[in-house]
Amino acid sequence: MPAQPNVLILGIGNLLWADEGFGVRAVEEFHRQYNCPDNVTLLDGGTQGIYLVQHVRDADILIVFDAVDYGLPPGTMKRVEGEEVPKFMGAKKVSLHQTGFQEVLAMAEMMDDAPEHLLLIGVQPVELEDFGGSLRPETKAQVDPAIDMALDYLAGFGITPEKREKPLPQESTIACPIMTAEHYENERPSEEAACRSGDERLLYDQNWTAPGDFDGEMEALLASEHGDQS
């Protein structure tokens with residue numbers, strides 16, 4: 001590995017689905033709290049999937065923050081290293097972005113450009129089925145410990161980001177201005193104003209049963225409409 005390795009600290013996930021946004025919030029907070037050396041890049045990877053492959057190929061050391069279904073109690077943080085990482089990124093997917101990122105790692109490996117060192121810092125989500133939702137308290141509480149875990153890992157390579165005297169204001173971070181945590185949470189409409197779990201009129205009703213003869217019923221309906229028109 002070069003004397004000044006290229007380090008990529010990557011947060012992936014979807015902010016719109018509650019705890020699915022853990023990885024993005026973690027890398028945003030890392031940037032707010034720490035000033036990194038020139039060889040360290042912090043990136044909000046969102047749900048870009050395959051478009052991240054060149055960033056991954058350029059990295060000697062890759063740290064990934066993400067919400068991961070480990071099958072553990074909600075809010076549990078777990079670290080996974082090296083060759084084990086792709087297994088956890090794809091075994092139990094909490095969203096489609098994980099499939100995409102698993103492919104990113106596979107492509108980098110195929111091109112013989114995979115990072116020499118790889119660390120996944122994941123948190124078991126508490127809630128995902130909340131469109132427009134924020135991190136649940138148990139998940140949010142793991143952001144700082146996840147950052148500390150990343151710092152300990154970097155220290156093993158002699159890389160020590162400098163703690164800022166005062167965290168950056170959210171509007172000065174790598175976050176999208178309209179999706180900063182403060183803006184996103186404080187201006188979130190109430191559940192009454194914006195349904196976050198689905199339209200009750202379209203949700204499954206246990207009293208509903210599928211047609212016994214769908215094709216027959218459709219033919220009868222069309223025949224009825226044709227008769228009305230004539």
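**Surface patches and salt bridges of the predicted model**

Phe-131 is partly exposed, with a relative accessible area of 41%, where partly exposed denotes the range between buried (under 20% relative accessible area) and exposed (over 50%), evaluated with a 1.4 Å probe and protein chains only. The model is a predicted one, in which local features need pLDDT of at least 70 and side-chain atom pairs count only at pLDDT 80 or more, whereas totals for chains, interfaces and linings use all residues. Residues are numbered from 1 along each chain as its sequence is written, and side-chain values use heavy atoms, with hydrogens and water left out.

The protein chain contains eight helices and seven strands, assigned as DSSP runs (helices, H or I, at least four residues; strands, E, at least two) and numbered from the N terminus. Of its 230 residues, 42% count as buried, and the chain exposes about 13100 Å², of which carbon and sulfur atoms supply 50%, accessible areas being obtained by the Shrake-Rupley method with a 1.4 Å probe and, for residues, with only the protein chains shown counting as cover.

Phe-131, placed in the loop between strand S6 (117-123) and helix H5 (137-140), joins Leu-16 and Trp-17 in a nonpolar surface patch of about 250 Å². Patches comprise residues with over 30% relative accessible area and no salt bridge, like charges being joined within 9 Å and nonpolar side chains (Val, Leu, Ile, Met, Phe, Trp, Tyr) within 5 Å. A patch of negative charge is formed on the surface by Asp-213, Asp-215, Glu-217 and Glu-219, with Lys and Arg counted as positive, Asp and Glu as negative, and His and the chain ends not counted; the place of a charge is taken as NZ of Lys, CZ of Arg, CG of Asp or CD of Glu. Within this group, Asp-215 belongs to helix H8 (residues 214-229) and counts as exposed at 54% relative accessibility.

Five salt bridges are present in the structure, each defined by a side-chain nitrogen of Lys or Arg within 4 Å of a carboxyl oxygen of Asp or Glu. One of them links Asp-113 to Arg-57, with the closest N and O atoms 2.6 Å apart; because Asp-113 lies in the loop between helix H4 (96-110) and S6, and Arg-57 in helix H2 (residues 53-57), the pair ties together parts that are 56 residues apart in sequence. Another joins Arg-136 and Asp-130 (2.7 Å, N to O), in which Arg-136 is partly exposed at 23%, while Asp-130 is buried at 8%.
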